Every structure is written in structure tokens, then in C-alpha cells.
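User: I am new to this structure. Please show it, and then I will ask about its parts.

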Amino acid sequence: MARLIDRPAEHQDRSISPGTAAPQCEHCGRPHGHTLRCLPDGRWLSPDGIWFSDEGDPAPWPDVVEYAGVRTSRSIVGQYRRAAAIERSAEKAMAEKAMERRWLCRRCHMVTARDEHRRVTRTRSLMRLALGDLFEGTYTI
């Protein structure tokens, strides 16, 4: 099995398939693979020199005090699945439509899927506690 290091440089990016055009985030419009300047309030500077809000709308330029909090971030856009609500009557037929794929940057993925990530984290921690209770006795919390 070929390791990631053994592959040519153009195939090392796993977020997009080789040969496709570089995508943009469908939520905020960040381009893939660029180093962006980001402010704490969510505004970011595009490679074209235009400031955008965290929703992707044009935003005003920051003043000197706001710009003091700027940080650089590399924008990585990937394709994420998002589960939609499934009706009970047509559950089998709607299975493919339920998992829609969207191009999102890492920030927008974490924002839009926050509830699902919290649910999974809570379930996993409760499962670990249950295994600990089963094999080591009760925990003192």
C-alpha cells in the first residue's frame, strides 16, 4: 500500500480529487488552498484584497485596533456529508437524498455540524464511563 509520502505532490491533498478545479466553501466562499488573514469576529481577507464576513458577504475594512488581532489561516475546503431529516414512510427510498454532500471549509463544517459533534462526543464519553463501570467498578466523580 502506497503511503501519502510516496505519492506525487499533486495527489497529496485528500480534500479534493485530482484533476478537479479548486472548490470554494458553499457557506462562506473561502477559496481552497489559500492562506487568509482572519479577524476574531469572523471577517477574512480574500486573495483579491476584499474583506468578507463569516457568512461570505462583503464587509468593511477593519481599523488598526481590530487588525491587531489578525491571524493567518490556511483555508482547506472538503466535501462533507450532512444528514437531512428522513421521513419514516419513505425512509428506504430517501436514503441517498438524506446524505447531501457540500463543499465546506473546516470552520464552516464545525459551525454547521456543531450539534451533531456534541452529540457524538457525549455518547462516546458515556460509553467510556459505562465500560469503566463494567470492568473497574463505579467511578468517583
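User: Which side chains of strand β1 are buried?

Analyst: This is a predicted model, where local features need pLDDT of at least 70, side-chain atom pairs count only at pLDDT 80 or more, and totals for chains, interfaces and linings use all residues. Residues are numbered from 1 along each chain as its sequence is written, and side-chain values use heavy atoms, with hydrogens and water left out. Strands are DSSP runs of E, at least two residues long, numbered from the N terminus, and buried means under 20% relative accessible area (1.4 Å probe, protein chains only). Along β1 (residues 35-38) the side chains alternate: Thr35 and Arg37 point to one face and are not buried, while those on the other face are, namely Leu36 and Cys38.

User: Which residue in β4 stands opposite Thr35?

Analyst: Two strands pair if DSSP finds at least two bridges between them. β1 and β4 pair in the antiparallel sense over four bridges. Opposite Thr35 in β4 stands Arg74.

User: Which residue in β2 is the bridge partner of Cys38?

Analyst: β1 pairs with β2 (residues 44-45) in the antiparallel sense, over two bridges. The bridge partner of Cys38 in β2 is Trp44.

User: What is the phi of Gly42 in the turn?

Analyst: Gly42 lies in the turn of the hairpin that β1 and β2 form, with five residues between the strands. The phi of Gly42 is positive, at about 105°.

Methods: Buried means under 20% relative accessible area, exposed over 50%, partly exposed in between (1.4 Å probe, protein chains only).
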